[in-house]
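User: Please take a close look at one helix in this model and at what surrounds it. I would like the packing first, then the sheets and hairpins that come with it.

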Amino acid sequence: MPESQEKTDTIAIINGIVDGHRISTQQLLQEIYKKLEEGYTEFEINACGQHDIGGPLWDKEGRPLRFKVKNPGQRLGSMGMEGTAIEIEGSAPADVGWLNAGAEIVLKGDGGDTTAHCSATGKIYVAGRTGTRSGALMKYDPRFTMPEFWVLENTGSFSFEFMGGGIGVICGYGCEDMDSVMGYRSCVGMVGGLIYVRGKVKDLSDEVYLMDLDEGDREFLLKEIPVFLGKIGRPELINDLSKGLQGNGASQWRKIRAKTYQERSIKQQSKSIMEFRQKDWVEGGIFGDVLEDDFKVADYVSTADYRLRFPIWKNALFSAPCEYSCPIGIPTQKRIALLRQGKTEDALRLVLDYSPFPASVCGQVCPNLCVDECSRRYLDLPVKIDGLGLLSNRIKVEPPKVEQNEQVAIIGSGVAGLGAAWYLRRLGYKVDVFEQDEFFGGKLKQVIPQDRLQQEVLEAELNRIVEIGVNVKTRTRVNKELFSKIKNEYDAIVVAIGAHNPVIIPFEGHERLVKGLDFLKEINRGQKPKIGGKVVVIGAGNASMDVIIGAYNLGAKEVTAIDIQKPAAFDKEIEHVEKLGAKILWPCFTDKISEKGVHLKDGKLIEADTVIISVGDRPDLSFLDAQYLDEKGMLKLNEFRQSEVNSRVFAPGDVREQGLFTHALADGKRAAMNIHRLFTDKPLDAFKKAPMIPQDRIKDEFYHPIRSGKVEAMGPEKETDRCMSCGFCRDCEYCLEICPEQAIDRLQKTDGTFEYVSDPDKCIGCGICAGVCPCGIWTMEDNLVKFLEE
């Protein structure tokens, strides 16, 4: 028998040197194939640099294959299949586990460059370190088990490039003196997967977040670290690697997640529609030569089917600009129409069909996108829509008269959760809200500075929710056990936990940073966190503006906010903090944090006693099983914010995508309405808004500009004459009075509503009604289609 084909009763021993000469890789692999055909499933390979050992092999009877290998070449375990176990004595060169397709590979030494490169499933355990680009292009197909890549010590630079899925674990053992246990420029292009790392990390890609562990992460590591140490023969290290993972103690472990597409995209400040139309657009539009309508009367007079055009009263078929720009879709033009009719109570109550927080959110903390788009701003000043919200503060709402059989659990008591609870309860459903904090109200209660939000107003609106029968359970943290119980006891679940895990960017010295969200919560709990006289806030969004206000309230003398781009905060928020004395600098790229302050990459130092970071927050979804989450650890939802795993679970608000309070309220309402449709066997709906009425259909010639000082002195309830009632008939009767053929009539209905109609036998299609309608209701339609040849 040749020297390369030694065997025992159960193990095939194959040598890489035969008769004093090294055999080729092809020859060695052929010997393995031959032994497989003979029925062997266990191999000892004494290699001499031959590559591709343990590749795509399988036993025809489906038995597992086991390899023990010494002195391998490149690509050990390349494309290793499920059921293959490979143990390497000592170290191995590049590409260990390349394109791993299910094998378990245990490397009891160091790995070369690109270890676990393109790994798709299976597990790779390394008892030492690995080289550059290790873990690059790892991926995950949900049809197979998730790939795992464990390293006891450290990886080289550029590791986990373009990672799309799977789990990497870098233990950092014995690497305490290293600047970075992942080298430099790691995680570039990472779009999915999860990396756990213990030890210092430096120069990570800006496309990822370095975050603290949640409960689910700790459970995973506590369970899998002993398995890993057993595989590599180092069980004595269990205490070192598990330190701080029990309970909520401090731990050296952190995790790395890829940013979502929205988080990676830098927000660009676009031109206003008005500026674009005035400076860039072709006069009359690019089709203005054929579509411009001068509303002239035709040369000949016809009626009925012989008119060129005919009018239609399209009342409320378009959204007003304020309604369309409001994420909740509050129809302010309808509120003011009720005020105009003297129905004040109905007007103030109408908004409660859209939001339980008209005074707290619309009246105080909302940036009021509706006001920014108000058509009245082209004439003098926008309508005081925020003031209208404050007027609804004390409106009482009766509990539902009819009780439904179904009950719904709401996890989280922010505006999305309470918004959903409000609508569901008013429909008669039993609603229980689970809140882990001592008080309910989410970020409205916990985060917004009290000089921006009157607490007595907020308390009144929170009490109104409870008064209609919503049951709120405070100090109730939902974990996996409780969530499982909720699934069994409730007919639907709304996961509205918001985003309460602050994002920390891994600058050098990031351990000195104060988390902005935690800072604001401490203030609203009545505590006074210690800060220095000079404060720097990293981030310049709306939340950062709240942090600045909090810093000044605590005695800061000088506050500076920095950002890498034009501040995302709304103008009025920026104006507020600038009046307090704050400076906002951009673009500024942070290099490191030291005891002196913030060091920028251009070499400048911004002195600071306290540095607060406020660049976004992430949700804690550790109470959900992995099947509910996608590769980025976010909920898997369809277009209706409904779980792809459990059709009875909906997730509105910041838990999926951060936005304004009004975005969360809109999400909560849509979730509630779809739960109602689910209970009543109706298809779910995206609830898209009607298109916004074109601005050129609103006739400002019928209104007189009012001096700004006089407007500012007016109360919001006096806006009945100023509101232009875009797309909603204000019953001015202009069309009725001006029609030359007296073809228009006003019909009063028994339910109190009205309608304007045009008599086709009198109407000549002149278009005067559409020309004079100040609200853009009357619309001229083409009548020629009736005479086209078939």
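Analyst: What follows starts at one helix and works outward.

This is a predicted model, in which local features need pLDDT of at least 70, side-chain atom pairs count only at pLDDT 80 or more, and totals for chains, interfaces and linings use all residues. Residues are numbered from 1 along each chain as its sequence is written, and side-chain values use heavy atoms, with hydrogens and water left out.

Take helix α15, residues 455-467. Helices here are DSSP runs of H or I with at least four residues, strands are runs of E with at least two, and both are numbered from the N terminus. The expected span is 1.5 Å times one less than the number of residues. For the 13 residues of α15 that gives 18 Å, and the end C-alpha atoms are 18 Å apart, which agrees. Glycine 469 follows α15, with a positive phi near 110°.

Which residues of α15 are buried? They are Gln455, Val457, Leu458, Ala460, Glu461, Leu462, Arg464 and Ile465. Buried means under 20% relative accessible area, exposed over 50%, and partly exposed in between (1.4 Å probe, protein chains only). An α-helix has 3.6 residues a turn, so residues three or four places apart point the same way. The cover over the buried residues of α15 includes α10 (358-365), α13 (415-426) and α14 (442-446).

Now the packing of α10 on α15. Their axes come within 8 Å and cross at roughly 145°. Axes are lines fitted to C-alpha atoms, for helices over the stretch in contact, and angles run from 0 to 180 degrees between N-to-C directions. From α10, the contact uses Pro358, Ala359, Ser360 and Gln364; from α15, Val457, Leu458, Glu461 and Arg464. Contact means heavy atoms within 4.5 Å. By class, four of these residues are nonpolar, two polar and two charged. Ala, Val, Leu, Ile, Met, Phe, Trp, Tyr, Cys and Pro count as nonpolar, Asp, Glu, Lys and Arg as charged, and the others, Gly among them, as polar.

Next, the core. The largest nonpolar core has 71 residues, and Phe357, Val361, Ile410 and Leu444 have the most contacts inside it. Its largest share, eight residues, comes from α13. A nonpolar core is a set of buried Ala, Val, Leu, Ile, Met, Phe, Trp, Tyr and Cys residues joined through side-chain atoms within 4.5 Å. Beyond its neighbours within four places in sequence, isoleucine 410 touches residues including Gly417, Ala420, Ala421, Leu424 and Val494.

Then the sheets. One open sheet has five strands in the order β18-β17-β16-β19-β30, with parallel pairing. Two strands pair if DSSP finds at least two bridges between them. The edge strands, β18 (471-473) and β30 (649-650), each pair on one side only. Strands β16 (residues 407-411) and β19 (residues 492-495) run parallel, joined by four bridges. Valine 408 has alanine 492 of β19 as its bridge partner.

Another open sheet of five strands runs β21-β28-β22-β23-β24, also with parallel pairing. Helix α18 (residues 542-553) lies across β22, β23 (558-562), β24 and β28, at about 165° to β23.

Last, the hairpins. Strands β25 (residues 590-594) and β26 (residues 597-600) run antiparallel, with four bridges. A hairpin of two residues joins β25 to β26. β26 and β27 form a hairpin with four residues between them, and glycine 603 in that turn has a positive phi of about 95°.
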